[in-house]
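Me: Got a minute to go through a model with me? I'd like to start with the surface and then work inwards.

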Amino acid sequence: MTQPSITPLTAAQRATDLAPLLTRDWHMVEGRDAIAKTYVFADFVAAFGFMTRVALWAEKMDHHPEWSNVYKTVTVTLTSHDAGGLTARDIALAARMDALAQIG
């Protein structure tokens, strides 16, 4: 798997790659160069299944989310600590998470 760039997003990437995520319930985190989203599932098993699917992809991508789970709710924050903010890795993982949320 080719790894997305770990350099900070350019203004052009923010306009073309980040902007669509912001129309899909992702939002900028105040005071950080990070995005966040809350997913709500039918129950705990569905939420945990989502987290398991994401964990497998995150490991392949060598990019791990900040997240928490309370019953059927999973809250996620994405940023690339080693780059000091958002990168193409965050965009790629956010898009993959949205797709994985549709499974099961």
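Me: What does the accessible surface of the chain come to, and how much of it belongs to carbon and sulfur atoms?
Reply: This is a predicted model, to begin with. The accessible surface is about 5700 Å², and carbon and sulfur atoms account for 60% of that.

Me: And the charges, how many positive and negative side chains are there?
Reply: There are 9 positive and 11 negative side chains. The centres of the two sets sit 6 Å apart.

Me: What share of the residues is buried?
Reply: Buried residues make up 38% of the 104 in the chain.

Me: OK, overall shape. How does the radius of gyration sit with a compact globule?
Reply: It agrees, because a compact globule with 104 residues would have a radius of gyration near 13 Å, and the chain has 13 Å. Along the principal axes, the C-alpha trace spans about 40 × 30 × 20 Å.

Me: Which secondary structure elements are in there, and in what pattern?
Reply: Three helices and four strands. Reading along the sequence, you get α-β-β-α-β-β-α.

Me: Among contacts between residues at least 6 apart in sequence, what share joins residues at least 24 apart?
Reply: That share is 64%. For a single pair of positions, take A19 and I91: they are 72 residues apart along the chain, and their C-alpha atoms are separated by 10.0 Å.

Me: Where does A19 lie? And how exposed is A19?
Reply: A19 lies in helix α1. A19 counts as partly exposed because its relative accessible area is 31%, which falls between the 20% cut-off for buried and the 50% cut-off for exposed.

Me: Switching to aromatics. How many aromatic pairs does the structure hold?
Reply: Five. One of them is Y39 with F50: the ring centres are 4.8 Å apart and the planes are at 45°, so that pair is tilted.

Me: Which parts of the chain does that pair link?
Reply: Distant ones: Y39 is in strand β2 (residues 35–40) and F50 is in helix α2 (residues 44–61), with their positions 11 residues apart in sequence. As for exposure, both Y39 and F50 are buried.

Me: What about F41 and F50, how are those rings arranged?
Reply: Their centres are 4.9 Å apart with the planes at 35°, so this pair is tilted. F41 is buried, and so is F50.

Me: Which residues form the aromatic cluster, then?
Reply: W26, Y39, F41 and F50 form one cluster.

Me: Now backbone. Which phi value does D25 have?
Reply: D25 has a positive phi of about 75°, although it is not a glycine. For background, most residues other than glycine have a negative phi.

Me: Where is D25 found, and is it buried or exposed?
Reply: D25 is in the loop between α1 (11–22) and β1 (27–28). D25 counts as exposed because its relative accessible area is 61%, with the cut-off for exposed being over 50%.

Me: And D62, what's the phi there?
Reply: D62 has a positive phi too, about 50°, and is not a glycine either. D62 is found in the loop between α2 and β3 (66–70).

Me: Why does D62 count as exposed?
Reply: Because D62 has 53% relative accessibility, and exposed means over 50%.

Methods
Residues numbered from 1 in each chain as written. Predicted model: local features only at pLDDT ≥ 70, side-chain atom pairs only at ≥ 80, totals over all residues. Heavy atoms only, no water. Helix = DSSP H or I, 4+ residues; strand = E, 2+ residues; numbered from the N terminus. Rg over C-alpha atoms; globule rule 2.2 N^0.38 Å. Buried < 20%, exposed > 50% of the residue type's maximum accessible area, 1.4 Å probe, protein only. Contact = heavy atoms within 4.5 Å. Areas by Shrake-Rupley, 256 points an atom, 1.4 Å probe, with all protein chains shown as cover. Lys, Arg positive; Asp, Glu negative; His and termini not counted. Charge placed at Lys NZ, Arg CZ, Asp CG, Glu CD. Phe/Tyr/Trp six-rings, centres within 6.5 Å; stacked < 30°, edge-to-face > 60°.
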